[in-house]
Amino acid sequence: HRPVASGIVSPFEALLFAFSLIVLAMFTVRMQWGDTRLWPLYSCFLAVNFMYSTYLRRIPHLRALVGVTCPLRICLGATLAGSKSLPPWPILVMAMSFMCMVQELKAKLDKLKDGKASGGVVLRRELLWFLLIICCTPFAMQTNPRFVWYTYTFVMVFLVIPVARPSYGALITADVHASSDACKSPFGTHNLWLEVPMGLLVQGDFFSLAIYTMLGLVCFVNRALMELEDILIPAIGRASTKQLVWVIGHPRSGTTSLHSALHTHPDCITGTMYDALFPSVVLKTFMTPMKIVFDLVVKACYDVANHKFGLNEELEEHLWLLHHSASFAVCTMFTTLARRPLIPWAQNDHTSLVHLATEVTEGHVDFIDRCYRRVVWMHGTAKASQCVYVGKPLLFATCHDLLMKRFPTAQVIVCMREPAATIPSFIDLVSKQGKKSLQDKRYAAFLKTDLLLYSKKVYEGLLRMARDTSPLAKRMHFLEFR
């Protein structure tokens with residue numbers, strides 16, 4: 001459902017595909033040989049394919065070699081499985097034809113992705129390889145009919161999906177290359193879903209690792225259900241309000257007070273923190289009976305005297321990005337990782353968790369839009385179409401242009417306050433919510449370095465907004481708090 005030109009797939013879809021591939025491997029091995037003796041081969045095969053997809057694809061003629069050597073790999077698999085005889089020639093030819101067909105599809109999808117072709121995938125030489133598979137079918141049916149049915153199932157999948165949806169065609173042909181596609185993904189350049197738990201594991205912080213694992217499970221279920229909802233409930237994608245108002249600024253600069261005041265107007269609607277935890281409509285409805293319990297837990301952990309924090313409080317839209325392992329909330333939850341560069345060979349601020357978790361991309365803004373439309377849809381499209389939605393995506397102060405271009409009619413209210421008053425108040429709030437003391441040297445270092453790095457990014461973004469002379473400036477309104 002995403003155009004090829006703007007990125008093939010997201011890491012979430014790629015991980016889901018990898019999981020499905022492993023399940024399929026377990027099933028086919030069990031059905032074909034009755035045991036799991038081929039698991040070492042499958043592991044090596046997945047590793048080789050990853051290396052090919054990431055590094056080796058640029059070597060001339062290697063793509064054709066992958067298809068031609070398929071019979072050799074099948075013979076190797078039969079040997080490792082302890083077979084007393086090699087597979088018969090019809091099976092080897094069918095396997096080679098199938099792999100060559102896949103390589104042809106990869107080449108066409110590459111051209112589409114690079115903008116060297118248009119109009120989708122047109123099958124030509126792939127049909128010749130399919131014809132060769134048909135010719136070998138009568139001979140293969142005499143020796144291994146189960147293999148024939150497997151082959152035809154995969155052939156139909158590989159022929160139909162790339163033509164119908166090239167984005168998913170690139171996924172099933174394993175044509176996702178980390179060097180070129182990761183920067184276009186909603187996760188940004190680096191996949192924090194993998195790097196953060198590895199960092200926690202190395203440091204031996206198993207409690208935080210357990211929390212992160214549970215959060216990751218919730219996020220996975222939410223995003224999987226959201227994909228299904230977009231297909232089964234198309235009305236969600238059309239839900240919108242009469243007007244949009246975004247309140248942005250540095251935390252503790254009057255944003256919460258202004259947002260609460262605007263929300264009290266009868267013609268204004270907004271979301272709640274419960275929407276941040278469960279953006280999926282299905283999961284939100286299913287978990288409603290447990291809302292009271294979740295609210296008590298959240299209040300016990302984060303509610304403080306000078307800032308109410310509960311599931312019924314007004315929504316801060318940037319917290320939706322927790323489902324993308326983003327936003328500054330990730331850093332405040334896992335302070336032991338905040339300063340540590342997640343890329344060992346690059347020791348600078350641009351590789352720290354603070355920088356990567358607050359790096360906003362077009363994919364993040366797209367996800368915010370999808371979540372916002374769900375909140376509107378839950379309010380009722382007839383009522384919401386006459387109302388004004390008031391939001392508070394504070395993190396987007398660092399990239400106001402992405403937010404305003406994605407919502408071309410939205411008005412933005414920028415709250416300004418003297419940094420000398422805002423930052424100490426923010427440090428006090430983060431310390432109280434984290435139940436941390438400034439006497440803790442590690443936590444004090446986090447506050448002095450990473451929190452200030454975040455504040456620096458926000459104020460640099462606010463300065464860019466104040467100096468903006470583009471047409472976007474007409475929709476920005478500055479409010480100074482003294």
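Which helix holds the place of Asp-369? Keep that question in mind as we tour this predicted model; the answer comes in the first close-up.

**View 1. Asp-369 sits in helix α20.**
Helix α20 covers residues 362–379, and Asp-369 has its place there. Is Asp-369 buried or exposed? Its relative accessibility is 4%, and buried means under 20%, so Asp-369 counts as buried. Look next at what surrounds this residue. Leaving aside residues up to four places away in sequence, Asp-369 touches Arg-406 and Phe-407. Ser-240 is another residue to find in this view: 129 residues separate Ser-240 from Asp-369 in sequence, while their C-alpha atoms are 9.9 Å apart in space.

**View 2. Five strands form an open sheet.**
Now step back for the wider setting. The protein has 24 helices and five strands. In the sheet, the strands follow the order β2-β3-β1-β4-β5, and their pairing is parallel. The edge strands are β2 (268–269) and β5, each of which pairs on one side only. As a reminder, strands of a sheet pair through backbone hydrogen bonds, either parallel or antiparallel. Start at the β2 side, where two bridges join β2 to β3 (residues 388–391). One pair to look for here is Cys-268 with its bridge partner in β3, Val-388.

**View 3. Strand β1 has partners in β3 and in β4.**
Strand β1 spans residues 243–249, and five bridges join it to β4 (residues 411–417) in parallel. Four bridges pair β1 with β3, also in the parallel sense. Val-245 is a handy residue to follow. Its bridge partner in β3 is Val-390, and its bridge partner in β4 is Gln-411. Further along, Val-247 stands opposite Ile-413 in β4. How many of the seven residues of β1 are buried? Six of them are, and the strand is mostly covered.

**View 4. Strand β4 also pairs with edge strand β5.**
Six bridges join β4 to β5 (residues 476–481), and these two strands run parallel. To find the pairing, look for Val-412, which stands opposite Met-476 in β5.

**View 5. Ala-410 lies in the loop that leads from α22 to β4.**
Helix α22 covers residues 400–406, and Ala-410 has its place in the loop between this helix and β4. With a relative accessible area of 1%, Ala-410 is buried. Which residues does Ala-410 touch, not counting those up to four places away in sequence? They are Gln-243, Leu-244, Trp-246 and Arg-475. Val-245 appears again in this view: Ala-410 and Val-245 are 165 residues apart in sequence, yet 5.6 Å apart in space, C-alpha to C-alpha.

**View 6. Arg-252 has a positive phi.**
Arg-252 is found in the loop between β1 and α13 (255–263). Most residues other than glycine have a negative phi. Arg-252 is not a glycine, although its phi is positive, at about 70°.

**View 7. Helix α24 packs on the sheet.**
Helix α24 runs over residues 441–467, which makes 27 residues. From first C-alpha to last, α24 reaches 38 Å, close to the expected 39 Å. Where is the kink in α24 centred? It is centred on Leu-447, with an angle of about 30°. On the sheet, α24 touches β1, β4 and β5, and the direction of the helix makes about 120° with that of β4.

**View 8. The largest nonpolar core has 67 residues.**
In soluble globular proteins, nonpolar side chains tend to be buried together. Here, the residues with the most contacts inside the largest core are Trp-246, Trp-320, Tyr-389, Phe-396, Phe-407 and Val-412. Helix α24 gives this core its largest share, 10 residues. A second, separate core has 17 residues, including Ile-91, Met-94, Met-99 and Val-102.

**View 9. Trp-320 touches residues that include Tyr-389.**
Trp-320 is one of the residues with the most contacts inside the largest core. Not counting residues up to four places away in sequence, Trp-320 touches a set of residues, among them Asp-275, Pro-279, Leu-315, Phe-367, Cys-371 and Tyr-389. For the protein as a whole, 47% of the 482 residues count as buried.

How values were computed: Residues numbered from 1 in each chain as written. Predicted model: local features only at pLDDT ≥ 70, side-chain atom pairs only at ≥ 80, totals over all residues. Heavy atoms only, no water. Pairing = 2+ DSSP bridges. Expected span 1.5 Å × (residues − 1). Bend = angle between axes of the 7 residues up to and from the residue. Core = buried A, V, L, I, M, F, W, Y, C linked by side-chain atoms within 4.5 Å. Buried < 20%, exposed > 50% of the residue type's maximum accessible area, 1.4 Å probe, protein only. Contact = heavy atoms within 4.5 Å. Axes fitted to C-alpha atoms, helices over the stretch in contact; angles between N-to-C directions.
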